[in-house]
Number of protein chains: 2
Amino acid sequence: MSIDSSSAHGVNFAEPRSFPTVFKSNFKETLFPDDPFGHLKNEPCSRKTLKVIEYFLPIFGWLPRYNLALFKYDLLAGITIASLAIPQGISYAKLAEIDPIIGLYSSFVPPLIYALFGSSKHLAVGTVAASSLIIAASIEEVVPASEDPILYTSLVFTSTLISGLVMLALGVFRLGILVDFLSHSTITGFMGGTAVLICLQQLKGMLGLKHFTTHTDCVSVVRAVFKNRKEWQWESALVGIIFLAFLQFTRFVKQRRPKLFWVSAIAPIVTVIVGGLFAYFGHADKHGIPIVGALKKGINPLSINRITFDPKYIAGPLKGGVVTAMIAIAEGIAIGRSFAIMKNEQIDGNKEMLAFGLMNIVGSLTSCYLTTGPFSKTAVNFNAGCRTQMSNVVMAICMMLTLLFLAPLFSYTPLVALAAIIMSAMLGLIEYEKAYHLYKTDKFDFVICMAAFFGVVFISMDMGLCLSVGLALIRALVYVARPATCKLGHIHGSNLYRDVEQYPNASDIPGILAIQLGSPIYYANSEYIRERILRYLKTEQSDATLKGTGHIEYILLDLGGVSSIDITGVGAFVEIMRILESKEIKMILINPRLGVMEKLTVTKFVEKIGKESIFLSIADAIESCKFSMKSSKGMSVVEVNVA
Amino acid sequence: MSIDSSSAHGVNFAEPRSFPTVFKSNFKETLFPDDPFGHLKNEPCSRKTLKVIEYFLPIFGWLPRYNLALFKYDLLAGITIASLAIPQGISYAKLAEIDPIIGLYSSFVPPLIYALFGSSKHLAVGTVAASSLIIAASIEEVVPASEDPILYTSLVFTSTLISGLVMLALGVFRLGILVDFLSHSTITGFMGGTAVLICLQQLKGMLGLKHFTTHTDCVSVVRAVFKNRKEWQWESALVGIIFLAFLQFTRFVKQRRPKLFWVSAIAPIVTVIVGGLFAYFGHADKHGIPIVGALKKGINPLSINRITFDPKYIAGPLKGGVVTAMIAIAEGIAIGRSFAIMKNEQIDGNKEMLAFGLMNIVGSLTSCYLTTGPFSKTAVNFNAGCRTQMSNVVMAICMMLTLLFLAPLFSYTPLVALAAIIMSAMLGLIEYEKAYHLYKTDKFDFVICMAAFFGVVFISMDMGLCLSVGLALIRALVYVARPATCKLGHIHGSNLYRDVEQYPNASDIPGILAIQLGSPIYYANSEYIRERILRYLKTEQSDATLKGTGHIEYILLDLGGVSSIDITGVGAFVEIMRILESKEIKMILINPRLGVMEKLTVTKFVEKIGKESIFLSIADAIESCKFSMKSSKGMSVVEVNVA
């Protein structure tokens, strides 16, 4: 860039936008980052209405274009996930300490609701292990399942309703932003920790124990296992190990040959059927291998009358409902998104929350407990080639047929088979490789992950989660309170100015100290930024004295990376300017961005520093500084001559 | 910049720094932003030791160079602030519902400790109204002062000790960063709200009431005033109004003629003396004007044996101690800093906390309650021309003489005079102009300020504070979760690329979409950033279709303002790249900063995207993109020709 062209482009000193404009724009960015109706601006009204309906009921988007060719894929996928839903439903219901049939109910109604409102094509609806355990743990605190199973089950439904309402509210108020604060590291650690706990819990089923603890932490569970050593049943353990080995082998097959994914997909139902036959013909329950027991025929009864908000017990379902809602959303959306990315589609998190919320509200009224989009089931659905949400409908129909005709057959399922199914699923959730990757790439993320893991394993699930989220928030706030700054140097043969630490060849600019600021500048970091700038100056001045080069006459603050500023931040600038003035150093601002410029104008800082001290680029500013340094030196020479 | 020079400077792809190096550097920036020992690196060992001692005991810095000329100034300032300390000490002790003599004790020991450890030359140590009220409110919750005044006073000392320990701990662990989260807006609102409450409380003294409420909120206080209407004493009210008018008049004089600051500085002691004479000769207590009552001669007795950590009562002092510590630090440091700035000096917040902590620990063991650096007293000290911390020593000596010889004289002080002194001081703390300025310049800061104000006035002091800090934190997190991004356009006649919203003349670059990202990119905002970039692309593509210009071939992400990235952020980049690849769009990164580059290298993202896709400046990248676009078009033309 030549010197003459530099005068052609100046800083924009326009009047700040009005408050409503700024507020509207910020509000939109905060809550509607995906601008869902942005593309409707220029459409006719009737089309607009149609699009809005389609937005809230995605089924109107895909059903009209649905055909037999697509149905063939969805039919196959639907049957495959149904075969997974039966054993998972029974197992996880056992984990939540409710009647196993409720697990089967939960795969009938919610998938139908999701098919109406859900926007993910690959998500398969079902119950999840972690949430089942969390619900059990929170409700056990107020009513132990063994003491009053009917009240306990009512509270599980209430918890599901609360969970659904929380999800719905988050969706309506577009608070997907809350889920953004559950980081992947937290989820990895939390899932791993929960998986370990659930595996340990399965030792009860594996060893055929009759007495066990209601605590979920690792120490209590291990102690309970060894305290009841006399109840250990070697027959049960043997069968369990065989089943587990079989399930793990099918997993191994899937990993080696991804095409054979169906082997591991149908393995659980095979386990259940083989176990059931074995139990029926071998009278397993008389040989120390307990079975599930009576399962009634018939589809979901209504459960509206079972919802209870009795203040005596509400604390349990409330806690369980809120925690499971957050985890279910975070997990469900993350899973939906990751499969959507594989197919280059986009998922709207806020809309998914609406669908999850509605499906759990309706579920809680029809004898279902918490459902979401579990990873294992969704992966099977995806691999089985599902094309639309219709696969969930197919699964629901399969479940209905099962409930109407086959349910009693599953009463012979040995508990040990269920324990093996859960254990096998959980072993896949302990992602030690991911933790190692975290360790290698980001130590703090690793700490966040480990806090969740060990917190869950040794303290409790909610404490582990809080600990980890707390640490992550502290890091976020430290980022905010201590934004990175750097000293800029001139890169030889260009007009670029870059971090001297990163580019050690970048050379100092005589008489000028250029500093790049980043991140928003506001109350939490303005003190720090002031201190940091003054420290750069101090170091620079002592360097200049050592080297014998001239003293600093200008400080250039590159604000290009500063996305916003508040009045405390502007106050810090005023202070810096005052301190620099007393040292006869001039402060220059480079390229303030829109929001920053507005705040500087409104607070009259632009008037204070003078428009001539704000430049659009570092090169311009340095050009101008050098010019005035030269001319002032020239002047003093002239003055000397005159004298 | 010419094309040939662009190849001369490349991006630095050096190996990432080791974890210990990065950790050390981040740790230092977070906790030692002012680098207190940085300038000692090249000093000899003996000098280093001396400097470190001087750092922790600033008195070694200024005392050796102290002389009579300086002392003359400090003597005058010391006597002036002592004359303020006597009425303030008695008044605020009344506010804290403790023996008035404790208020006088508190201006004797703590200033001496501060003179040893404190680094501010202008700060005058003393008790403060807001903290006095907070202590009273928290301890009243466990033991009402009227029920057991001895236990109550013991708990006040305990609270002071806890406060001192908290300050000391924050100083030792250099957690000044915590105070950064108490914004000016919060403090303005909180102080204003507390001032209103304290003024209302003074109606008790002004109206000579005998019965009053122990609640602090506005509604309870006003109700108590009107419920006891029969107790109202017109004599007391009349005298009170006269004193208040006198005090406000001296304040007005000071504002109009800053040189006459001493008029308002000595006004409180004049009020006390005149009131005392009037009460003594007029037997005021018999005419419905209550007086302070017996004040014992003698300096501070020890109070070590009065410290109690009885778990039955500890909640009160603990809450009071922690809250007052935070407020005292925030206020004290802010005040010390603002006066230091006037004289171009710097105050180390963490060191000030050490001094505050030590002075309160020693104070709590010698019958003093919470002291800090109140604004009014510090301003008087500054205006009276203090030169060093010696003015605090002079004040302490004056207080000692008062305690030894004059204390009984002050027992005739009418309570109404104290009420007038407190009211007058508090009226100055309600900064409606500052609130209006906030409203004009930053609506959200105004909301934060009002939350503190109304929370304090109508709910309770700690709730008001929590509400306001909570809102400020939410804003900080929203800043983090929704960083500003913008689309860049080319500024005609330069090689600059700037926000098209800010510079509407900036022109689009055909086939290229350049986006500037800001702030750290990490788990809380990576989803948002991905969505936002894809939205820019969607808008751009539909614009391009409308205008009939070519489709987008490159997306340039300017990372110059991105100060750090975590692995979730890198994950988002991987996803963006995958989505763009499927649309046959190439992703280009511009100028990643040191920390970001390291994370991209460690996670192997640099390998994935290719070193040739990372540029040092937008101009370089566009040059290169244009070149390959041309050559590919050229190629296709050649292919057509061949065909």
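Biologist: In what sense do strand β4 and strand β5 of chain A pair, parallel or antiparallel?

Modeller: Parallel, over 5 bridges. This is a predicted model, by the way. Strand β4 of chain A covers residues 554-561, and strand β5 of chain A covers 586-590.

Biologist: Which residue is the bridge partner of I555(A)?

Modeller: M587(A), in β5(A).

Biologist: What's the strand order in that sheet of chain A?

Modeller: The order is β2-β1-β3-β4-β5-β6. The sheet is open, has 6 strands and shows mixed pairing. The edge strands of chain A are β2 (497-499) and β6 (614-615), each pairing on one side only.

Biologist: Switching topic. Which domains does the assignment give for chain A?

Modeller: Domain 1 spans 64-435 and domain 2 spans 484-642. Taken over C-alpha atoms, the centres of these two domains of chain A are separated by 59 Å.

Biologist: Now the two chains. What turn lays chain A on chain B?

Modeller: A turn of 180°, with a shift of 0.0 Å along the axis. The RMSD is 0.1 Å. The two copies are therefore related as by a two-fold rotation axis. The same surface serves both copies, and 97% of the contact residues of chain A recur in chain B.

Biologist: How many residues does the contact take from each chain?

Modeller: 73 residues from chain A and 72 residues from chain B.

Biologist: And which helix gives the most on the side of chain A?

Modeller: Helix α23 of chain A, residues 523-547, with 9 residues touching chain B's side.

Biologist: What's that side of chain A like by class?

Modeller: The side of chain A that touches chain B has 30 nonpolar, 24 polar and 19 charged residues.

How values were computed. Residues numbered from 1 in each chain as written. Chains lettered and ligands numbered in written order. Predicted model: local features only at pLDDT ≥ 70, side-chain atom pairs only at ≥ 80, totals over all residues. Pairing = 2+ DSSP bridges. Helix = DSSP H or I, 4+ residues; strand = E, 2+ residues; numbered from the N terminus. Domains from an automatic or database assignment. Least-squares fit on C-alpha atoms with pLDDT ≥ 70 in both. Contact = placed C-beta atoms within 7 Å. Nonpolar A, V, L, I, M, F, W, Y, C, P; charged D, E, K, R; others polar.
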